[in-house]
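Work through the exercises below with the sequence and model in view. Each task is followed by its solution.

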Amino acid sequence: MPSKQNQPAKFWDRLFAPSSCLAVITTVDSQGRPNAASFGTCTRVNHKPVYIAFTTSMNKDTAKNVLATGEFTVNLPPLDQAILEKVRICGLPFAPGVSEFDKSGFTAIPAVVLQPPRIVECNRHFECKVEWTKEWADGRLMVCGELVAASVDVDCVDEEGYLIWERARSAHYCGGPYGGEFVAAYEVM
């Protein structure tokens with residue numbers, strides 16, 4: 001299992017790069033059961049303090065859990081075929097209470113501060129307290145959370161908290177019009 005390193009607040013902003021990434025967001029329901037859902041766009045929307053935002057459908061477990069608990073953890077997967085297959089599985093429409101961890105094979109580990117677990121196979125984790133939500137656009141929920149803890153695989157950052165791009169291997173989801181493909185977001189020009 002990769003060794004995780006907690007990051008001090010002064011490094012949080014540089015760790016969430018690029019500013020919009022493919023993500024697996026974990027939440028827990030009111031009974032403490034974890035949920036994992038994949039999101040093609042999860043965005044850092046403020047630098048100091050760091051805030052992260054995403055949108056989801058109001059009828060999804062993620063929306064219900066965020067509204068019930070006020071917490072979520074953003075897990076950023078690398079561009080790795082086996083891990084991206086697990087990300088795809090987390091995007092399937094399972095019934096409430098079905099464990100995406102069991103279905104996908106992702107491994108949950110406790111969060112540092114909040115309840116929603118981190119995912120071992122993802123190399124960066126961002127624990128967020130909900131700052132605000134907004135219902136909009138025909139059943140969508142916009143969620144914005146303040147980052148309260150961050151962790152990273154030890155080999156993915158240097159001693160100043162900057163990503164080592166070729167190790168973090170950030171991924172982006174291209175979306176349906178592109179056949180649901182993933183692309184690298186770690187090549188520096």
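**Exercise 1.** Which element gives the most to the lining of the largest pocket?

Solution. The model is predicted: local features need pLDDT of at least 70, side-chain atom pairs count only at pLDDT 80 or more, and totals for linings use all residues. Residues are numbered from 1 along each chain, and side-chain values use heavy atoms, without hydrogens and water.

Step 1. A pocket is an open set of points on a 1 Å grid where a 1.4 Å probe fits, with protein on both sides within 12 Å along at least five of seven lines; lining residues have an atom within 4 Å of a point.

Step 2. The largest pocket holds about 570 Å³ of space. Among its 28 lining residues, Ala 37, Ser 38, Lys 60, Cys 90 and Gly 91 are the closest to the centre.

Step 3. At least two lining residues come from each of strand E3 (34-46), strand E4 (51-57), helix H2 (61-69) and helix H3 (81-90); strands are DSSP runs (E) of at least two residues, helices (H or I) of at least four. E3 gives the most, with 6 residues.

**Exercise 2.** Describe the salt bridge of Lys 129 and the burial of its partner.

Solution. Step 1. A salt bridge puts a Lys or Arg side-chain nitrogen within 4 Å of an Asp or Glu carboxyl oxygen. Lys 129 pairs with Glu 71, the closest N and O atoms being 3.8 Å apart.

Step 2. Lys 129 lies in strand E8 and Glu 71 in strand E5, 58 residues apart.

Step 3. Buried means under 20% relative accessible area, exposed over 50%, and partly exposed in between (1.4 Å probe, protein chains only). Glu 71, at 12%, is therefore buried, whereas Lys 129, at 37%, is partly exposed.

How values were computed. Points joined across faces, edges and corners; volume = space filled by probe spheres on them.
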